[in-house]
Amino acid sequence: MDNKLGWPAVRTLFVAVLVISIAALGVAAVIGGDWVVWLRGAAVAAASVWLVALTGQAARGKRTAYVRIRFVSIAAPIGIVLILLAPDSGYPVWMKAEQGVVGVLVAAVALIVNRRTVREAYPKDGKLR
């Protein structure tokens, strides 16, 4: 993976999201959680696996993978803020805290992948510079 573009750091952040999501599912199994907790936890874990795979593709120069990572890294933290602010979202406090951490990690990805040097490395013609 290209170190100067930050892909190893992005991969590490997405793996951290995966580990945290699996841990949240473990907490739900121990203390119980309704369907919304299980659905959110499983969806975030599955998305994390997909994002780790996309990171490898982006690091190898695949523009579509890079664009998807950019989109998710911007949209996901916005969605998480809405979950955190919603008074009756159905999420227990512990899961809101977990999602807050996930949001910070994904926002860090957004900061990395939206740097000018990274954007310029993925021109619209699809050739890695």
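How much accessible surface does the protein have, and what share of that surface belongs to carbon and sulfur atoms? The total comes to about 7,100 Å², with 69% belonging to carbon and sulfur. Keep in mind while reading that this is a predicted model.

Let's start with the overall layout. The protein has five helices and zero strands, so to speak an α-α-α-α-α run when you read the elements from the N terminus. Along its principal axes, the C-alpha trace of the protein spans about 50 × 25 × 20 Å. Of its 129 residues, 40% count as buried. And if you take the contacts between residues at least 6 apart in sequence, 71% of them join residues at least 24 apart.

Now for the helix pairs, beginning with helix 2 and helix 3. Helix 2 covers residues 35–59 and helix 3 covers residues 63–85. Their axes come within 9 Å and cross at roughly 155 degrees. Angles over 145 degrees count as roughly antiparallel, so helix 2 is roughly antiparallel to helix 3. The crossing of these two helices is left-handed. On the helix 2 side, the contact is made by Arg40, Trp50, Leu51, Leu54, Thr55, Gln57 and Ala58. Helix 3 answers with Ala65, Tyr66, Arg68, Ile69, Val72, Ile80 and Ile83. Sort the residues of this contact by class and you get 10 nonpolar, two polar and two charged.

Move on to helix 3 and helix 4, the latter running over residues 93–113. Helix 3 and helix 4 pack at an angle of about 150 degrees, with their axes 8 Å apart. Here too the crossing is left-handed. Helix 3 brings Tyr66, Ile69, Arg70, Val72, Ser73, Ile74, Ala76, Pro77, Ile80, Ile83 and Leu84 to this contact. From helix 4 come Lys96, Gln99, Gly100, Val102, Gly103, Val106, Ala107, Val109, Ala110 and Val113. By class, that makes 15 nonpolar, four polar and two charged residues. Some helix 3 residues turn up in both contacts: Tyr66, Ile69, Val72, Ile80 and Ile83 are listed against helix 2 and again against helix 4.

How do helix 2 and helix 4 sit relative to each other, parallel or antiparallel? They pack at an angle of about 20 degrees, with their axes 12 Å apart. The cut-off for roughly parallel is an angle under 35 degrees, so helix 2 counts as roughly parallel to helix 4. Once more, helix 2 passes helix 4 in a left-handed crossing. Val37, Arg40, Gly41 and Val44 in helix 2 meet Trp94, Met95, Gln99 and Val102 in helix 4. The tally for this contact is five nonpolar, two polar and one charged residues. Arg40 is worth picking out on screen, as it appears in the contact of helix 2 with helix 3 and in the one with helix 4. Over on helix 4, Gln99 and Val102 meet helix 2 as well as helix 3.

Where does helix 1 come in? Two residues give us a way to look at it. Leucine 18 is found in helix 1, which takes in residues 7–31. Leaving aside residues up to four places away in sequence, leucine 18 touches Ala45, Ser48 and Val49. One of these, serine 48, lies in helix 2. With a relative accessible area of 2%, serine 48 is buried. Beyond its sequence neighbours up to four places away, serine 48 touches Phe14, Val17, Leu18 and Ser21. For a sense of distance, the C-alpha atoms of leucine 18 and arginine 63 are separated by 23 Å, with their positions 45 residues apart along the chain.

Finally, a look at two loops. Glycine 61 lies in the loop between helix 2 and helix 3. Its relative accessibility is 14%, so glycine 61 counts as buried. Glycine 61 and tyrosine 122 are 61 residues apart along the chain, yet their C-alpha atoms are separated by 7.3 Å. In the loop between helix 3 and helix 4 you'll find alanine 86. At 24% relative accessibility, alanine 86 counts as partly exposed. Alanine 86 is 26 residues from arginine 60 in sequence, and the two are 39 Å apart in space, C-alpha to C-alpha.

Technical notes. Residues are numbered from 1 along each chain as its sequence is written. This is a predicted model: local features need pLDDT of at least 70, side-chain atom pairs count only at pLDDT 80 or more; totals for chains, interfaces and linings use all residues. Side-chain values use heavy atoms; hydrogens and water are left out. Axes are lines fitted to C-alpha atoms, for helices over the stretch in contact, and angles run from 0 to 180 degrees between N-to-C directions. Helices (H or I, at least four residues) and strands (E, at least two) are DSSP runs, numbered from the N terminus. Angles under 35 degrees count as roughly parallel, over 145 as roughly antiparallel, 65 to 115 as roughly perpendicular and the rest as oblique. A crossing is left-handed if the near helix is turned anticlockwise from the far one by less than a right angle, and right-handed if clockwise. Contact means heavy atoms within 4.5 Å. Ala, Val, Leu, Ile, Met, Phe, Trp, Tyr, Cys and Pro count as nonpolar, Asp, Glu, Lys and Arg as charged, and the others, Gly among them, as polar. Buried means under 20% relative accessible area, exposed over 50%, partly exposed in between (1.4 Å probe, protein chains only). Accessible areas come from the Shrake-Rupley method with a 1.4 Å probe; for residues, only the protein chains shown count as cover.
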